[in-house]
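Please open the model in your viewer and keep the sequence panel beside it, since each stop on this tour begins with a selection.

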Amino acid sequence: MPASSSANRHAPALLAWAVWSLGAGLFLLGFFHRVAPAVLHRELSLDFGLSAASLGSLSALYFYSYVLMQIPTGLLADRFGPRRLLMAGLVLSTLGAIIFAMAPSLFWAGVGRLLIGGFVAVGFVCTLKLAAHWLAPERFALAAGLLLVAGMTGAVFAGVPLHLASGAFGWRAVTLVVAAVGIVLAVVVWWVVRDDPSDRGYLGYVNVGPATAKRESEWQRLRRVFRYRNTLLLAIAPGGIVGSILAFSGLWGIPFLTHVYGMSSTAAATVCSSIMLSWAFSGPLFGIISERIGLRRLPYLVGTCFAFVCWAVVILVPDLPRGLLIGALLGAGFFSGGMILGFTQAKESVPMNLAGTVSGVVNMGVMCGPMLLQPLIGWLLDRHWNGSVGVDVLRIYTFEGYRLGFSLMLVWLVVAILSIALSRETHAEQYSDQECK
């Protein structure tokens, strides 16, 4: 369509959501890699001779590089646009996946995990940036919630399907196939995605004209975003929420459910995938509720409080009936979906030209949770191991050991609740000079 016939209207919804979905594709792949060690814990432990602490550290390498990339990603997205970053992220994370799949030793497996984490890190922030430009403002909370659905879809594929595929073809072959998907997605992103609808001849939702902020250095931009009180509070909060989900479903949930509650590996993987799904599908629901009532902080706070109660039941009460155990775990996942509102609240708390930067800061806080909790829980499990091993010579840990390790999740959730309570409500309105400072 010629630019002259489209310059006075916004992009068609199908095109706008297609652009969003391609960014979400990298987030989906990133989530697959993020939680895959939970299903592959036995294979990785046997291939590389890992203890709980070393398995936790290998898994957490993804989060170390992911966290380090969040602020640079936000700054670069605001400076250069999301399209180039998505392309780079897809190509370089694919390289990391190939190295991980072909790793002859733990060192090279760690290198692969670092590369994967560092370069899928651009997916979430860049997709939110695209959503702000391509979708109407009242669709932003829904787009953020659906992005969580995309991520959880990746997590589901890293559950039972990965378990079955790795059993049939080996975990290395499956990882190489996923790497090939990344290359295909990179080609499509380059062909379809543009930073702003104006690049396709349509009206955008964000002013992309020259601005003073464009002349700021990255350091000045970062300092400016931290002048708004919600930035730090909303960066602290999600670490406990997401950290709990990913420490459990992303690594320690399967051995906990198999060793403590006697589930089969397939059943335990199904439960962990179901936690991810309940978390995913609650994200859009929280977004819809938030838009209807015009509030961000209240549903975020209420959801986090209920998530804390559900986790407390699982962690503190031994010998739960199977139905109550699964119900509490699904509840913990469902009520954690409110954390997606933190990104919308943070975006609305700063000037629009800092949206990418503040999203990167908040997402760095998100990933600090699993980055710290996964290895710390593994370290505590090893410290309280009683010497028991299974038929495959892998360590078996007791409920008391898991309770001690998982208690770290409860502590961070308390911090999250306090941080959300202290943040300021935006009332679903974008920043103005008189608000949110």
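A residue is called buried when its relative accessible area is under 20%, exposed when it is over 50%, and partly exposed in between. With that in mind, and remembering that this is a predicted model, select leucine 50, which sits in the loop between helix H3 (41-48) and helix H4 (52-80). Leucine 50 has a relative accessible area of 10%, and therefore counts as buried. Now show what surrounds leucine 50: apart from its neighbours within four places in sequence, it is in contact with Leu44, Ser45, Leu55, Leu58 and Leu106. Of these, Leu106 deserves a distance label, as leucine 50 and leucine 106 are 56 residues apart in sequence, yet their C-alpha atoms are 8.9 Å apart in space.

Next, turn to the surface and select Leu285, Ile289, Ile293, Leu298, Val302, Phe306 and Phe334, which together make a nonpolar patch of about 570 Å². Helix H13 (265-293) and helix H14 (297-316) each supply at least two residues of this patch. Within helix H13, pick out isoleucine 289, which at 38% relative accessibility is partly exposed.

Finally, select cysteine 305 and cysteine 310. How many disulfides does the structure hold? There are zero: the sulfur of cysteine 305 has its closest cysteine sulfur in cysteine 310, 11 Å away, which is too far for a bond, because a disulfide requires the two sulfur atoms to be within 2.5 Å. The surroundings of the two can be viewed in turn, with cysteine 305 partly exposed at 31% relative accessibility, whereas cysteine 310, at 14%, is buried.

Technical notes
Residues are numbered from 1 along each chain as its sequence is written. This is a predicted model: local features need pLDDT of at least 70, side-chain atom pairs count only at pLDDT 80 or more; totals for chains, interfaces and linings use all residues. Side-chain values use heavy atoms; hydrogens and water are left out. Buried means under 20% relative accessible area, exposed over 50%, partly exposed in between (1.4 Å probe, protein chains only). Helices (H or I, at least four residues) and strands (E, at least two) are DSSP runs, numbered from the N terminus. Contact means heavy atoms within 4.5 Å. Patches are made of residues with over 30% relative accessible area and no salt bridge: like charges are joined within 9 Å, nonpolar side chains (Val, Leu, Ile, Met, Phe, Trp, Tyr) within 5 Å. Accessible areas come from the Shrake-Rupley method with a 1.4 Å probe; for residues, only the protein chains shown count as cover. A salt bridge is a side-chain nitrogen of Lys or Arg within 4 Å of a carboxyl oxygen of Asp or Glu.
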